Amino acid sequence: MLLHDTTLIYGRYIRQSLRSRFALLFGVLMPLLYLLFFGPLLTDLPLGPGGSSWQVLVPGLLLQLGLFGAAFAGFTIIIEDGQGVVERMRVTPVSRLALLLGRVLRDATVFVFQAVLLVLAAVVMGLRAPLPGVLIGFAFVALLTISLGSLSYALAMKVRTPQEFGPMVNATTMPSMLLSGLMLPMTLAPAWLDVLSHFVPFRYLVDAVRDAYVGSYASAHMLYGAVVAVGFAALAVTVGTRVFRTSGA
């Protein structure tokens, strides 16, 4: 039943996304602008011990796509609540876990598709990375989307209004972006800032994807990144499911 219910909810929301192709493509616009206008500034700069500047920038942009996109996914719950959709779902026997999984899996599908478009644009501009590393990057985008999407929906179920939701998400996503080294490696930062960034879980994901893009699949960064990504996803889905159950959605 869980698989059936999840597929049902996933199909409902993926059809919504497919009907809004403009929004689907517009979501990749900001990372693409970073790629076009910020990427050439970093060309040939020694940003890391191995790989080109594109192999440093593109992994950060991929995770930035998941970070900002999934963190604001909860706005759809707020909209649905105003339209009475959440109220109608309360009277159905559908699994509460399926209500969450269907949504976050749709989000993961959308952002991985946008990540593919971003990588293709980066290849045109000069990115060279091994195919297994690129696929690993997509997997990390999916896990990050599932994690942050679950927490975003849970938060939206609690606050219920855009006026509360927006500032709370901004207050967490901006410091997370700056401290995780999405744009530039944190090894270039002062020592105290580098140490502080290790308390941000996204730092480990970024380092792992950058290692994957240079073909370093057995590194400590890859191990730490995989453990943090899977653990964070499991924790977030657990929290999100509990909120969906207690909120009656």
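Leaving aside its neighbours within four places in sequence, Ala71 touches Gly66, Leu148, Ser152, Phe165, Val169 and Thr173, and this residue makes a convenient place to enter the structure, which is a predicted model. Ala71 belongs to helix 5, and with a relative accessible area of 8% it counts as buried, because that value is under 20%. Folding also brings Ala71 to a C-alpha distance of 8.7 Å from Tyr153, although the two are 82 residues apart in sequence.

The helix that holds Ala71 can be checked in a simple way. Helix 5 covers residues 54-71, and at 1.5 Å a residue its 18 residues should span 26 Å, which agrees with the 25 Å between its end C-alpha atoms. Of those 18 residues, 16 are buried, so helix 5 is largely enclosed by the rest of the structure. The same check can be made on helix 1, residues 2-19, where 18 residues should again span 26 Å and the end C-alpha atoms are 26 Å apart, in agreement. In helix 1 the buried residues are Asp5, Thr6, Ile9, Gly11, Tyr13, Ile14 and Ser17. When reading such a list, it helps to remember that an α-helix has 3.6 residues a turn, so residues three or four places apart point the same way.

From here we can turn to helix 12, which has 12 residues and reaches 17 Å from its first C-alpha to its last, close to the 16 Å expected at 1.5 Å a residue. Because 11 of its 12 residues are buried, helix 12 is largely enclosed by the rest of the structure. The buried residues include Phe202, Leu205 and Val209, but also Arg203, Asp207, Arg210 and Asp211. What covers the buried residues of helix 12 includes helix 5, where we began, together with helix 8, helix 9, helix 10, helix 11 and helix 13. After helix 12 comes Gly215, whose phi is positive, near 80 degrees.

Two of these covering helices deserve a closer look, beginning with helix 9. The axes of helix 9 (residues 131-159) and helix 12 (residues 202-213) come within 8 Å and cross at roughly 165 degrees, and the two helices are therefore roughly antiparallel, since angles over 145 degrees count as such. The crossing of helix 9 with helix 12 is left-handed. On the side of helix 9 the contact is formed by Gly133, Val134, Ile136, Gly137, Phe140, Leu144 and Leu148, which meet Phe202, Leu205, Ala208, Val209, Ala212 and Tyr213 of helix 12. By class, this contact has 11 nonpolar and two polar residues, with no charged ones.

Helix 13 (residues 220-247) packs against helix 12 at an angle of about 130 degrees, with the axes 8 Å apart, and this pair is therefore oblique. Their crossing is left-handed. Helix 12 contributes Phe202, Tyr204, Leu205, Asp207, Ala208, Asp211 and Ala212 to the contact, while helix 13 contributes His221, Met222, Tyr224, Gly225, Val228, Ala229 and Phe232. The residues in this contact divide into 10 nonpolar, two polar and two charged.

The remaining pair joins helix 9 to helix 13, whose axes lie 8 Å apart at an angle of about 25 degrees, and these two helices are therefore roughly parallel, as the angle is under 35 degrees. Helix 9 passes helix 13 in a left-handed crossing, and the residues of their contact comprise 20 nonpolar, six polar and one charged.

Definitions and conventions:
Residues are numbered from 1 along each chain as its sequence is written. This is a predicted model: local features need pLDDT of at least 70, side-chain atom pairs count only at pLDDT 80 or more; totals for chains, interfaces and linings use all residues. Side-chain values use heavy atoms; hydrogens and water are left out. Axes are lines fitted to C-alpha atoms, for helices over the stretch in contact, and angles run from 0 to 180 degrees between N-to-C directions. Helices (H or I, at least four residues) and strands (E, at least two) are DSSP runs, numbered from the N terminus. Angles under 35 degrees count as roughly parallel, over 145 as roughly antiparallel, 65 to 115 as roughly perpendicular and the rest as oblique. A crossing is left-handed if the near helix is turned anticlockwise from the far one by less than a right angle, and right-handed if clockwise. Contact means heavy atoms within 4.5 Å. Ala, Val, Leu, Ile, Met, Phe, Trp, Tyr, Cys and Pro count as nonpolar, Asp, Glu, Lys and Arg as charged, and the others, Gly among them, as polar. The expected span of a helix is 1.5 Å times one less than its number of residues. Buried means under 20% relative accessible area, exposed over 50%, partly exposed in between (1.4 Å probe, protein chains only).
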